[in-house]
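Me: I've got a chain open and I'd like to know what stands behind the labels people put on it. Can you take me through them?

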Amino acid sequence: MIDFLRADQERENEPDFYEIPRFHAVPKPSEKIIYEDVRQMIKARHKNVFLNTLYRFLDDRKLNEVDVYRRALMDRRYFSKIRSGTIPKKNSVICLGLAMKLSEEEMDELLKSAGYAFSDARRSDVIVQWCIAHRIYNLMEVNNILYENKASLLKE
């Protein structure tokens, strides 16, 4: 027969306290050293790759940036933020790529430089890739195809 303990009964062979494991303190490195290391790594690795890639495509095609951001249905202020180093959203990068009439490989490179990629899991990405393969670069036409296939639009 099992004898259940009441709250006021003591448990046999059970200590009244538990020991907390102790950890040896590791000396904390100087914060100045850590921040300097991080700054050096950022300087070495993080360059504004997107902006360099964007301007390389603009220069290679001899395109005017005003014409491109107008075809991408962007306003001047937003493109100015991009020019100052802000990474745009994925749909904006796609719109810029369509406005410059990039090939599939070039669009992949532009997306990668901004930290994005096409995904086969997203219906809209597959449709945009199809449009690029069929040389459909007009943003209104691409949006119509996206709308007809119940996918999210690039620009609303």
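Me: What share of the contacts in the chain with a separation of 6 or more comes from residues 24 or more positions apart?
Reply: That share is 58%, where a contact means heavy atoms within 4.5 Å. Keep in mind that this is a predicted model, where local features need pLDDT of at least 70 and side-chain atom pairs count only at pLDDT 80 or more, while totals for chains, interfaces and linings use all residues. Residues are numbered from 1 along each chain as its sequence is written, and side-chain values use heavy atoms, with hydrogens and water left out.

Me: What makes the element order α-α-α-α-α-α-α-α?
Reply: The chain has eight helices and zero strands. Helices are DSSP runs of H or I with at least four residues, strands are E runs of at least two, and both are numbered from the N terminus.

Me: Why are Met107, Leu110, Leu111 and Ser113 called buried?
Reply: Buried means under 20% relative accessible area, exposed over 50%, and partly exposed in between (1.4 Å probe, protein chains only). These four in helix 6 (residues 104–113) count as buried, so each falls under 20%. On the other side of helix 6, Glu105 and Lys112 are exposed, so they're over 50%.

Me: How do you know that the buried residues of helix 6 line one face?
Reply: Looking down the axis, they fall within an arc of 165°, so they line one face of the helix. The arc is taken from the directions from the helix axis to the C-beta atoms.

Me: What do they pack against?
Reply: Helix 2 (49–60), helix 5 (90–99) and helix 7 (123–133).
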